[in-house]
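Reader: Hello! I would like a close look at one part of this model, the place where its two partners meet. Could you take me through it?

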Amino acid sequence: MRRASFQRFLSSSGKRFLSQKIIPFTFEKYPNVKRNPNFKSIDSQDIAFFQSILPSPQSILQSDLDEFNIDWMYKFKGQSQLVLKPTSTIQVSQILKYCNEKNLALVPQGGNTGLVGGGVPIFDEIVLSLKNFNKIRSFDEINGILKCDPGIILQDAQEFLASKGYIFPIDLGAKGSCQIGGMVGTNAGGLRLLRYGPLHGSILGLEVVLPDGTIIDGMHSLRKDNTGYDYKQLFIGSEGTLGVVTGISVATPIKSNSVQVAFMGIKDYSSAMKLYVKAKQDLGEILSAFEFMDGQSQEFVKKYRSTTSPSITFPLEESYPYYILIETSGSNKDHDQSKMETFLETAMENELIEDGTIAQDSNEAHELWNWRELIPESCQLNGGSVYKYDISLPIRDMYSLIEETNKRLQEQSLIADSSSSPSSSSSSSSKPVIGAVGFGHMGDGNIHLNIATKQYSKEVESVLEPFVYEFVSSKNGSISAEHGIGFQKKPYLTYGRSKEEIQLNRQIKNLFDPKGIMNPYKLL
Amino acid sequence: MLRILVPIKRVLDPQLLPRINAAKKGFEFSKNDKFSINPFDDIAVEESLLLRTKYKDLIESIQVVAIGSMENNKDILRNSIAKGVDKAILVPTKESAGDDISILNECKILEKVIEKTNSNLVLMGKQDIDKDSGIKGGILGGLLNWPLASNAAKVTPSDNGKIVVERETDNGQSTVEMSLPGIITTDLRLNVPRYVSLSKLMKAKKKPIDSLEVALSDEHTDNGKIEILQVEEAIHERKCEKVKDVDELLSKLSETISSTKAAA
Ligand SMILES: Cc1cc2nc3c(=O)[nH]c(=O)nc-3n(C[C@H](O)[C@H](O)[C@H](O)COP(=O)(O)OP(=O)(O)OC[C@H]3O[C@@H](n4cnc5c(N)ncnc54)[C@H](O)[C@@H]3O)c2cc1C
């Protein structure tokens, strides 16, 4: 028996389910959105040109394109007839230059795990898939600077870095599919932002191709560099609307040699807040994640996992209204361990937590994380169609959003009564909504509201929107904490940005992409 | 009535790769390395607890025992108490021996512990993932002249006071019935160990860990009978090959499968 056999529970998350459902085209669902007539449709001459620059037949796809046309949530479906898979910066540049001249619109696409419909076409935009543009360019073992192509999958980058004693500064549930380029495109936040900060801080340089084909080589590797406008920041979170990110230079932190994970049950939301303050006080610089999950979200995961791995047991003996997962990453095992133990024991004595568990080894640690990371997939399996809202709110108001939403859904009689058992009765009930759950990066004031429904419907949507956005706006929150605006949230941009801010954004867009070929119908 | 003894051992975290020392004769550890209970022993502890849940009246006591220093073993012993065993025993070894005593001596110590605790069923891991020798169950059975049911995938007490054990074998499953006293070694599929509950761990910290001195009259020494010549890291070979279509892929796959089968 080798050690490896003990990696038995590893599941790679972020995988999508094959759905049997028929997904309507986005243009049918949103008849108000019209195709921009300035954009040319693809013809055989265009194909011939692309064939001349992308000689490999695997680089040009013209059939079986559902994988590229349909988004991760099965909510949006475009009609693209053409997928291009360049493998180099020069190829990207040639493609963009040609498209710009011919007025051909395109969508850059990474792992297609984006959650706002930003990475899939709306009409017949060409999909520029970065999938095969996925090499590590270099790694500086002294400074921890990774330079890579955009298409490398986060998990692959993580494995590479782990072998060098480093980690990627961002981690998220979609790691098995999402790409570094896509993460830059959405300015992904994820699970360790609390500790290592946003990509805006970690990215040292980018190589980008502008819509006219110009290559901007900014693959810098300096932590400090005040030489003019920091234009790279504009591309971080630009959602493919300004250009294509073709190279990333990122500062990576040293891998902590002592990592601990604890999972605990909580009786009410105010205890969760107090626990957060206490965690900052007691764990200080070693705290690397503080994740919040409500009871219903774990019921979903229990149900999902009972089908995929029936022998797996829930970490705690009983169920609680809320759960918290805490991770610490430090450099001294004994110190870290005693800090964590003291923290948990005093939290129990003060009745901030009802019960909990600390991972005894890395397998258990990985398992505990699974209970958090599998929530999105579980919502999808339980429901099939999930409305997702990714919200920043002052921590005090965070959970009231979930409560208010549940109340509204009950008032409108769209959801099974929460007093009846959540896991058993709900899916068999006649109500369209199976459950509304809240979970998220509490340490960052970021909560995810997921509403699992049997089917996307106008009836449910009209109860949720603009209600959720109005609620968030009234509390001075953000309607998109980390997922971006994409197609889905575009109509609601005004809830988060003033007229002047939106105008400034437009001017920036026009400066980079005067013809508007880059990811049209999105963001602005 | 069953008086169960579960010998447990501390090993390097299963996900960590041990570092080979400069002399290439063994491993070296740093103070930051994470250790935990040998996963197969964890399964044995879990099985003893599950037996108690299912056959309450059959179980008189469950005890765990570790050999070595208190510092190294207190966590795995406490965790076992928190999980629900009745008693945790530490057999302290001589400073010089550390945790690294020979397997035969370990078994001789266990023999004495079994005698002193009057145990009649030993549940233990089928192997330690650090030494991978897989012989402890057999040696102990030999010393005690007790039957051994190895690689257990299912354990069921039967009405006639014996125990039915389903065993994993290379080509399937074999079911044996074992009389008591006896030894069962646990395989991976037997169960999934529970987590340690924090509230119970806090209570466990207040409970004592019993120390049991064991003196061996005829201490075994290896005396160079077995010498480690060299420890080397395994080389994982990954070969990439391009295939032109699905048919070729399938034929390559079946080729590989049959050739690895033949090799095994
Ligand atoms: C299970 C799950 C968990 C998630 N968890 C989190 C989380 O914790 N935190 C978080 O922030 N997000 C999370 N997300 C959403 C997140 O936005 C994506 O997972 C990730 O950032 C997108 O990467 P991708 O490669 O899949 O990009 P895609 O979905 O393919 O694209 C996203 C956007 O970026 C653009 N884009 C892609 N590649 C490039 C490029 N090379 N150049 C320019 N633009 C590009 C696209 O046009 C699109 O607008 C999660 C998603 C899933 C499915």
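Author: Happily! Let's start with a single pair: the side chains of A:Glu345 and B:Lys205 meet in a salt bridge, with 2.8 Å from N to O. A salt bridge here is a side-chain nitrogen of Lys or Arg within 4 Å of a carboxyl oxygen of Asp or Glu. Across the interface of chain B and chain A, the rule finds 3 salt bridges.

Before going on, a word on the model: it is predicted, so local features need pLDDT of at least 70 and side-chain atom pairs count only at pLDDT 80 or more, while totals for chains, interfaces and linings use all residues. Residues are numbered from 1 along each chain as its sequence is written, chains are lettered from A and ligands numbered from 1 in the order in which they are written, and side-chain values use heavy atoms, leaving out hydrogens and water.

Back at the interface of chain B and chain A, there are also 14 residue pairs in polar contact, both at pLDDT 80 or more. A polar contact is a pair of N or O atoms within 3.5 Å; within protein, one must be able to donate a hydrogen and the other to accept it, and residues adjacent in sequence count only if both atoms are side-chain atoms.

Which elements of chain B supply at least two residues each to the side that touches chain A? They are β5 (35-37), α1 (39-54), α2 (70-83) and α5 (198-204). Helices (H or I, at least four residues) and strands (E, at least two) are DSSP runs, numbered from the N terminus. The most comes from α5(B), with 4 residues. By type, the side of chain B that touches chain A holds 16 nonpolar, 8 polar and 11 charged residues. In this count, Ala, Val, Leu, Ile, Met, Phe, Trp, Tyr, Cys and Pro are nonpolar, Asp, Glu, Lys and Arg are charged, and the others, Gly among them, are polar.

Taking in the whole interface, 35 residues of chain B are in contact (heavy atoms within 4.5 Å) with 38 residues of chain A. Together the two chains bury about 3200 Å², 49% of it on carbon and sulfur atoms. Buried area is the accessible area (1.4 Å probe) that two parts lose on being put together, summed over both.

Chain A has an internal interface too: its domain 2 (136-251) and domain 4 (384-483), with bounds from an automatic or database domain assignment, bury about 460 Å² between them. The count of salt bridges between domain 2 of chain A and domain 4 of chain A is 0.
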